[in-house]
Amino acid sequence: MGMSDYVEKGNVRETPFGYTLSIIGGKWKMLIIYILAENETVRFNELQRKLGTITFKILSSQLKELEADGMIVRKEYPQIPPKVEYSLTPKAQTLLPALEQLCDWGLKNQKNS
């Protein structure tokens, strides 16, 4: 099905495309998914370092949203200091081929910019 199949809905948020954007939209979520895909399991501080300029509050918020949407797993270890690791769920793994296509598109078109 293409986007034209959903024209009658009138509201893009009610389409499968809208659903996808609600899960991965925004500045950080796709980057978080990309980093987790490349590294399998990542701790909070490592994730923050790899993202660069993201604040603690924003990263926490984005991780909570991704967890609530079933995209990541948060595993907490009962130790001092606390240790928390994040990884992708099987649902998020199904998104990786689409992210690979986006990377391919960037590779082909970045040279032309």
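Me: Which residues lie nearest the centre of the largest pocket, and how many residues line it?
Reply: In this predicted model, the lining of the largest pocket is made up of 13 residues, and F44, F56, R74, V84 and Y86 are the ones nearest its centre. The volume of this pocket comes to about 320 Å³.

Me: Which elements give two or more residues to that lining, and which gives the largest share?
Reply: Helix 3, helix 4 and strand 3 (83–88) each give two or more residues to the lining, with the largest share, five residues, coming from helix 4. By residue class, the lining divides into six nonpolar, two polar and five charged residues.

Me: Why are F44 and F56 called a tilted aromatic pair?
Reply: Their ring centres are 5.0 Å apart, and the limit for a pair is 6.5 Å, so the two rings count as paired. The angle between the planes is 55°, which is neither under 30 degrees nor over 60, and therefore the pair is tilted.

Me: What makes this pair a link between parts apart in sequence?
Reply: F44 belongs to helix 3 (residues 44–51) and F56 to helix 4 (residues 56–68), so the pair ties together parts 12 residues apart in sequence.

Me: How do you know whether F44 and F56 are buried or exposed?
Reply: F44 has a relative accessible area of 13%, which is under 20%, so F44 is buried, whereas F56, at 53%, is over 50% and therefore counts as exposed.

Me: Why is the charged end of K83 said to sit over the ring of Y77?
Reply: The charged end of K83 is 4.8 Å from the centre of the Y77 ring, and that distance is within the 6 Å limit, so the distance condition is met.

Technical notes
Residues numbered from 1 in each chain as written. Predicted model: local features only at pLDDT ≥ 70, side-chain atom pairs only at ≥ 80, totals over all residues. Heavy atoms only, no water. Phe/Tyr/Trp six-rings, centres within 6.5 Å; stacked < 30°, edge-to-face > 60°. Helix = DSSP H or I, 4+ residues; strand = E, 2+ residues; numbered from the N terminus. Buried < 20%, exposed > 50% of the residue type's maximum accessible area, 1.4 Å probe, protein only. Lys NZ or Arg CZ within 6 Å of the ring centre and 35° of its normal. 1 Å grid on protein atoms, 1.4 Å probe; cavity = no way out; pocket = protein on both sides within 12 Å on 5 of 7 lines; lining within 4 Å. Points joined across faces, edges and corners; volume = space filled by probe spheres on them. Nonpolar A, V, L, I, M, F, W, Y, C, P; charged D, E, K, R; others polar.
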